[in-house]
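Good morning, everyone. Please look at the structure on the screen, and I shall then describe its parts in turn.

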Amino acid sequence: MGRCSCSQCRPKEGEPPSPDPGSLAERRLLEESFAKIFKEPEPQGWRCARLVLRAVKPLALSICSPIFKFGEDWIFLFLLGISMATISFGLDVITSIFQQGNLWLYDELKGYRHLQYCAWTAYHVALMVSSAIAAKYISPQAAGSGIPELKVALRGVVLPEFFTLRTFVAKLVGIICTLAAGSTIFLGKVGPFVHMATILATQLGKVMVWFAGSAENPARKYELLIAGAAVGVACCFVAPVGGVLFGVEVTGTHFAVRDYWRGFFAATCAALTFRLLAVLNNTRETVAVLFRTSWRVEFPYDLPELLSYAILGILCGVLCCVFLFCHRNMLMIFHNWPKVDHFMRNNKILYAGVVSLVLASLTFPQALGQYIGARLSMKELLETFFNNMTWGLEEASLGNTTHHPHNLTDGNWLPWMHPDLYVLEMLALFLVAKFLMLLAATTMIVPAGYFLPVFVYGAALGRLYGEVMAKIFPDGIISDEIHIQITPAGYSLAGAAAYSGAVTQTISTALLTFELTGQMSHILPVLVAVLIANAISQRLQPSFFDGIIIVKKLPFLPKLSVGKSGGHNIYAKDFMVTDLKYLTRESKFKDLWTLLNDSTLKQFPLVDSEESRVLLGSVKRTYLSELLTDQLSSKKRFQYRLSRSSGATNPQERELGGDEEKEEKLEMSKETEGPSSNATETSWTEAAEEPSRSVAGGGERLPEREGRGCCYSLAEEWHCQQLQETLCLEGWPIDPAPYRLLEKETLYQCYDLFNLLGLNIAYVTNLGRLVGVVSLKELKMAVEGCVKGTFASQAPQQSCGPEDEEELEAPEDATGSRSLA
């Protein structure tokens with residue numbers, strides 16, 4: 001194609017030559033052809049790997065085909081169970097080596113107290129700084145336990161990079177460092193293992209889907225995550241039944257019975273693998289429970305003893321409420337005070353080092369640590385608290401002059417004997433010190449779990465209560481002239497189950513405790529203590545994980561208190577939003593423009609007409625934005641200009657078309673993003689009132705300003721015409737059956753529907769007519785008002801809207817910027 005050589009098209013001196021549209025099109029076509037023919041060569045390794053996979057895939061499918069006929073779920077669950085059990089057992093071995101090395105170095109420096117202090121503190125500070133580094137630089141989503149975020153993810157909120165292998169590696173490295181610090185830092189591994197198990201379940205699920213050749217679906221992913229949560233608990237406590245129930249209670253609000261077999265099978269595989277590895281490693285002689293107890297109780301169900309366990313449940317519930325209140329308000333201070341929040345964001349590693357230094361100094365064995373069993377690990381602490389002996393009686397038998405025992409066969413409780421303090425005083429000091437230390441440890445932004453510390457704390461509380469009861473009733477509790485001996489270990493068992501159950505607000509901790517110890521004789525007294533502690537805790541405070549969700553402002557519905565009838569007298573019409581944003585069949589593009597600019601909703605209802613407002617369906621914001629962008633595209637604008645200027649003789653108008661391509665695209669991008677409504681209305685009116693200017697004929701050039709003004713008038717006229725057209729939604733994806741509620745749906749019914757179906761929005765209709773909308777935000781406010789007794793039966797008239805971005809998207813610091821679980 002040749003280039004025009006007329007005087008009008010020839011560029012003047014000093015001006016760059018204008019590009020020829022024909023030459024540009026030819027060059028673009030040539031470049032595309034070259035790109036197709038001469039592709040960039042792939043690395044030789046990738047090409048070989050692709051060829052190998054292509055050749056191996058038929059063989060792999062032929063091998064896996066009979067296996068998949070048996071059921072890929074069984075294979076997936078088996079691999080998940082043995083993988084997590086192997087990781088858990090290896091982690092225990094590594095952390096045990098670290099702790100023994102620390103004690104060996106401490107003993108080798110005997111006689112050099114300052115060097116012992118430096119070695120003791122440096123060991124713990126280095127480990128916690130390493131854990132904080134892993135949480136900051138490898139993956140911020142690895143901080144905390146992950147259970148609050150997992151609850152939100154199961155609710156339907158997408159948390160970026162929460163289930164990636166990068167987060168798995170960061171969590172594993174961080175939890176090794178945290179557990180190696182022992183009881184000094186007083187943090188556990190249950191939460192991180194639940195998180196890691198769900199990550200592994202997600203990745204294994206993708207592999208199994210690839211091998212099976214099927215497509216992923218959200219329901220299957222939910223089942224995998226539930227199975228992963230059960231495996232995570234079972235790996236920590238070797239408790240398959242309690243692990244499944246605890247995972248269900250902690251992570252989900254509703255649970256399908258069909259998913260039970262997945263959790264039980266995977267948890268059983270994990271528990272069995274863990275115990276077999278212990279036998280193979282000569283850690284145990286045979287497959288046995290984790291904390292074996294040998295004490296027996298002849299009359300565990302008498303009324304006086306049940307009353308005693310009920311008092312222990314009350315004590316655990318009250319102390320748990322104090323802990324939850326202090327923990328949540330302390331995190332609120334860290335989150336709401338700007339200076340403290342800025343320091344925590346920018347100095348996570350420094351803060352972890354300072355807190356670990358303070359905790360290590362407090363637990364130094366030659367200082368306060370000698371009174372609180374600082375040399376014992378978390379497992380050894382539980383073994384001493386579940387010991388069958390009554391420490392107070394043994395201490396009294398040794399005499400009052402010295403508390404050093406001699407010639408005792410069972411001496412694992414000896415660290416609780418000291419010449420300066422009695423056993424009861426040491427246990428009381430342990431409870432006070434660990435209460436404050438645990439609060440400080442939970443503020444560090446490191447991978448850590450919080451169930452095991454509260455479990456140990458409850459065991460210590462029950463042990464103190466049992467020792468006090470044994471001192472008050474040295475001959476036992478008398479019932480029907482029968483002396484029932486006090487067993488402090490039984491109270492320790494009940495205290496561990498009741499306190500940990502009250503903190504997490506679960507009942508399955510009782511079953512977890514029985515599986516840990518193999519002791520079923522105290523099932524009724526322990527259940528009494530657990531239920532009473534739970535009742536007090538649920539009435540007064542949100543659970544530990546719910547408190548973290550509140551602090552992080554994650555979109556999750558609070559618990560609707562049971563036992564109250566107020567929720568049955570509150571209906572959807574009392575808290576729905578009546579200020580509706582919707583589209584009709586007669587809506588025009590200017591209405592769509594205004595709707596997208598004035599609201600941040602992620603989907604809009606579609607009704608029949610303005611008068612009837614019969615709900616026809618809903619359309620997502622992304623599709624509407626694409627529709628508006630297509631209507632106001634630069635291609636259509638350019639075609640309109642060509643059609644208007646096809647009979648004009650002025651070349652200036654044709655030249656301006658090519659020069660203004662970039663400006664038009666920039667304007668289009670700004671328009672689709674959403675300019676202000678006032679500016680939009682002004683452009684419509686100006687374009688409608690001001691007629692287009694005619695282009696002067698002849699060979700004279702118009703001034704540049706006048707020529708551009710003419711083009712802008714054409715653009716405004718075209719813009720007005722496009723926005724006046726009626727929407728055509730044919731061919732666009734419309735949800736014909738969005739979730740609907742009736743005006744008379746009670747708050748309990750709405751709450752169950754949102755939780756069971758994972759809803760974020762539901763439309764309220766009356767005989768098919770759209771009358772309101774309920775989102776997660778409105779339902780949450782109604783539930784909180786019902787629980788607190790402050791709900792006012794009045795529908796809000798203004799709202800930021802359902803599916804608002806602030807409500808459905810997790811904050812930036814939701815998965816790593818706070819401490820926490």
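I shall begin with the whole chain and then turn to two sheets, a few single residues and the cysteines.

Please keep in mind throughout that this is a predicted model. The chain holds 32 helices and eight strands. Of its 821 residues, 49% are buried. The accessible surface of the chain comes to about 39500 Å², and carbon and sulfur atoms contribute 60% of that area. There is also a figure for how the chain meets itself: of the contacts with a separation of 6 or more, 79% join residues 24 or more positions apart.

Let us now consider the sheet that contains β3, β4 and β5. As general background, the strands of a sheet pair through backbone hydrogen bonds, and the pairing may be parallel or antiparallel. In what order do the three strands lie in this open sheet? The order is β3-β4-β5, and the pairing is mixed. The edges are formed by β3, residues 583-584, and β5, residues 615-620; each has a single partner strand, so one side of each has no neighbour in the sheet.

The word "mixed" can be followed strand by strand. Between β3 and β4, which spans residues 603-607, the pairing is parallel, over two bridges. In one of them, Leu-583 has Leu-606 of β4 as its bridge partner, and Thr-584 is likewise matched with Val-607. Helix α24, residues 621-631, packs on this sheet and touches β3, β4 and β5, and its direction makes about 75° with that of β5. On the other side of the pairing scheme, β4 and β5 run in the antiparallel sense over five bridges. Within that pair, Phe-604 stands opposite Val-619 in β5.

Are the residues of β4 buried or exposed? Five of its five residues are buried, and the strand is mostly covered. Gln-603, Pro-605 and Val-607 point one way from β4, while Phe-604 and Leu-606 point the other way. Both groups are buried.

Helix α24 also deserves a closer look, through one of its residues, Arg-621. A polar atom of the Arg-621 side chain lies 3.1 Å from the backbone oxygen of Leu-601. Leaving aside neighbours within four places in sequence, the contacts of Arg-621 include Leu-596, Ser-599, Lys-602, Gln-603 and Phe-604. Two of these names, Gln-603 and Phe-604, have already appeared as residues of β4.

The second sheet is formed by β6, β7 and β8. This sheet is open, its strands follow the order β6-β7-β8, and its pairing is mixed. The edge strands are β6 and β8, residues 769-775, each pairing on one side only. From one strand to the next, the twist averages 35°. Strands β6 and β7, the latter covering residues 761-766, pair in the parallel sense over three bridges. Here Arg-740 stands opposite Tyr-763 in β7. Helix α30, residues 747-757, packs on this sheet and touches β6, β7 and β8, with a direction at about 170° to that of β6.

A single proline brings residues from both regions together. Where is Pro-738 found? Pro-738 lies in the loop between α29 (704-723) and β6 (740-742). Pro-738 counts as buried because its relative accessible area is 7%, and the cut-off for that word is under 20%. Apart from residues up to four places away in sequence, Pro-738 touches Leu-615, Gly-617, Ser-618 and Tyr-763. Leu-615 is 123 residues from Pro-738 along the chain, yet their C-alpha atoms are separated by 9.2 Å.

Another loop residue is Gln-141, located between α4 (113-138) and α5 (147-155). Gln-141 is buried as well, with a relative accessible area of 11%. The side chain of Gln-141 makes a polar contact of 3.1 Å with the side chain of Ser-139.

Finally, I come to the cysteines. A disulfide is a covalent bond between the sulfur atoms of two cysteines. How many disulfides does a search of the whole structure find? The search finds zero. Why does Cys-236 have no such bond? The closest cysteine sulfur, in Cys-235, is 6.7 Å from the sulfur of Cys-236, and this is too far for a bond. Cys-236 itself is buried, at 9% relative accessibility. Cys-750 is buried too, with a relative accessible area of 0%.

Thank you for your attention.

Notes. Residues are numbered from 1 along each chain as its sequence is written. This is a predicted model: local features need pLDDT of at least 70, side-chain atom pairs count only at pLDDT 80 or more; totals for chains, interfaces and linings use all residues. Side-chain values use heavy atoms; hydrogens and water are left out. Helices (H or I, at least four residues) and strands (E, at least two) are DSSP runs, numbered from the N terminus. Buried means under 20% relative accessible area, exposed over 50%, partly exposed in between (1.4 Å probe, protein chains only). Contact means heavy atoms within 4.5 Å. Accessible areas come from the Shrake-Rupley method with a 1.4 Å probe; for residues, only the protein chains shown count as cover. Two strands pair if DSSP finds at least two bridges between them. Axes are lines fitted to C-alpha atoms, for helices over the stretch in contact, and angles run from 0 to 180 degrees between N-to-C directions. A polar contact is a pair of N or O atoms within 3.5 Å; within protein, one must be able to donate a hydrogen and the other to accept it, and residues adjacent in sequence count only if both atoms are side-chain atoms. A disulfide is a pair of cysteine sulfur atoms within 2.5 Å.
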